[in-house]
Amino acid sequence: LVGSEMCIRDRYCTLDMLFFVNYYKISAMIHTTIRKIGYFCDNLINIYSIMKKIILMTLMFVCGIMLATAQTANGGKQAEIKFDKTTHNFGKFSESAPKVSCTFTFTNVGDAPLIINQAVASCGCTATEYTKTPVKPGEKGELKITYNGEGKFPGHFKKSITVRTNGKVEMTRLYVEGDMEEVKK
């Protein structure tokens with residue numbers, strides 16, 4: 001090769017070598033950067049899991065405090081129901097007059113108004129009527145139970161009535177029983 005041809009060839013060789021060296025440096029920089037990003041992401045993931053645990057523990061602590069506060073929000077005052085009796089026996093009654101009733105009287109012996117939320121009988125043959133308004137502390141209320149034996153077999157029966165309130169004891173069970181006698185023909 002003569003003169004200018006040699007110059008052109010050397011220039012391309014030099015450019016090729018420069019490109020190769022620069023490519024190597026750039027790929028090394030990219031590899032280092034990716035590795036640093038990986039470390040950063042790993043640290044972020046660790047920080048994120050630690051933060052989740054801290055937030056969860058804080059949330060549980062706050063909920064516990066709120067629950068403890070809610071239980072004593074009204075100064076520890078609670079309603080409490082006390083029945084004069086929890087069982088009533090109708091005794092013997094005729095099948096010709098199958099409806100019998102009784103009244104359970106209760107007192108609110110607590111410090112807050114008592115509300116009867118529900119009075120549910122164990123059978124459709126037993127109906128309940130009760131005081132719907134809040135019963136103030138020291139006052140009395142009534143729960144009337146009516147047993148209807150129409151269409152039922154004569155003999156002994158025992159039914160339960162579940163009373164649910166806002167009181168300290170949320171559920172109380174009452175019982176009515178009796179003997180319905182068959183009409184002699």
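Which residue in β6 does C102 stand opposite? C102 faces I145 there.

This is a predicted model, so to speak: local features need pLDDT of at least 70, side-chain atom pairs count only at pLDDT 80 or more, and totals for chains, interfaces and linings use all residues. Residues are numbered from 1 along each chain as its sequence is written, and side-chain values use heavy atoms, leaving out hydrogens and water.

Let's look at the sheet. Four strands form an open sheet in the order β1-β3-β6-β5, with antiparallel pairing. At the edges sit β1 and β5, each pairing on one side only. From one strand to the next, the twist averages 30 degrees; axes here are lines fitted to C-alpha atoms, with angles from 0 to 180 degrees between N-to-C directions. Strands are DSSP runs of E, at least two residues, numbered from the N terminus, and two of them pair if DSSP finds at least two bridges between them. Nine bridges join β3 to β6.

| Strand | Residues |
|---|---|
| β1 | 81-83 |
| β3 | 99-108 |
| β5 | 126-130 |
| β6 | 140-148 |

Now for T107, in strand β3. T107 is buried (under 20% relative accessible area, 1.4 Å probe, protein chains only), with a value of 14%. Its side chain makes a polar contact (N or O atoms within 3.5 Å, one able to donate a hydrogen and the other to accept it) with the side chain of K140, at 3.1 Å. T107 also touches residues including E80, I81 and D84, where contact means heavy atoms within 4.5 Å.

Note on methods: Buried < 20%, exposed > 50% of the residue type's maximum accessible area, 1.4 Å probe, protein only. Lists of a residue's contacts leave out its neighbours within four places in sequence.
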